[in-house]
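Work through the two exercises below with the model open beside you. Try each task before reading its solution.

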Amino acid sequence: MFAIGHSTTLLIGVFFDIPANAFLIDAIIGLSVVYKALDNMGAYQRWLGFQPNTQVATLIFGLFHGFGLATKIQAFEMDQEGLLPNLIAFNVGVEIGQILALSAILIFMGFWRKTASFFRQAYNTNVLLMTIGFLLTGYQLTGYFITATQ
């Protein structure tokens, strides 16, 4: 679902030159990290009494992450000739890279889950991820407000 969302907004955003403020998109990406850390910790089940649909959340995050990358690519002012095949090739490369990274993470997680200290370390790791997500969000919103006032 992430790859579908990511690919869709990456290709559409760049090909149709849909503008977005990179600071705001990156702030939302920071919040997606916070969301996932809270999800990993079971917060939504405790707070809301139910688990939000993981596939829908993953698709939405993919849409924002792809649009974030699209805003970075748009800054290069690329020629329209051959743009679509180049974008598709680039996107395939990005998705392959994500699959390789995810594979390495899943292998690591498989070994980590077997350790006696996994649950304590997982909690601390998710607190760290949440902190980093909030810091990224704050950093990006600061950038947005600074550039908006200039």
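**Exercise 1: the largest pocket**

Task: find which helix gives the largest share of the lining of the largest pocket, then describe that lining.

Solution. H5 gives the largest share, 10 residues. Keep in mind that this is a predicted model.

Step 1. Take the whole lining. It has 32 residues. Lys36, Asn40, Leu102, Ile105 and Leu129 lie nearest the pocket's centre.

Step 2. List the elements that give two or more residues. They are helix H1 (2-15), helix H2 (22-40), helix H4 (54-74), helix H5 (83-113) and helix H6 (118-148).

Step 3. Sort the lining by residue type. There are 20 nonpolar, eight polar and four charged residues.

Step 4. Add the volume. The largest pocket holds about 1,300 Å³ of space.

**Exercise 2: the salt bridges**

Task: locate the two salt bridges and decide whether each partner is buried or partly exposed.

Solution. Use one cut-off: buried means under 20% relative accessible area.

Step 1. Start with aspartate 26 and lysine 72. Their closest N and O atoms are 2.8 Å apart. Aspartate 26 is in helix H2 and lysine 72 in helix H4, so this salt bridge ties together parts 46 residues apart in sequence.

Step 2. Check accessibility. Aspartate 26 has 15%, so aspartate 26 is buried. Lysine 72 has 38% and is partly exposed.

Step 3. Turn to lysine 36 and aspartate 39. Their salt bridge also has an N to O distance of 2.8 Å. Both residues are in helix H2, three residues apart, so about one helical turn separates them.

Step 4. Check accessibility again. Lysine 36, at 36%, is partly exposed. Aspartate 39, at 12%, is buried.

Definitions and conventions. Residues numbered from 1 in each chain as written. Predicted model: local features only at pLDDT ≥ 70, side-chain atom pairs only at ≥ 80, totals over all residues. Heavy atoms only, no water. 1 Å grid on protein atoms, 1.4 Å probe; cavity = no way out; pocket = protein on both sides within 12 Å on 5 of 7 lines; lining within 4 Å. Points joined across faces, edges and corners; volume = space filled by probe spheres on them. Helix = DSSP H or I, 4+ residues; strand = E, 2+ residues; numbered from the N terminus. Nonpolar A, V, L, I, M, F, W, Y, C, P; charged D, E, K, R; others polar. Salt bridge = Lys/Arg side-chain N within 4 Å of Asp/Glu carboxyl O. Buried < 20%, exposed > 50% of the residue type's maximum accessible area, 1.4 Å probe, protein only.
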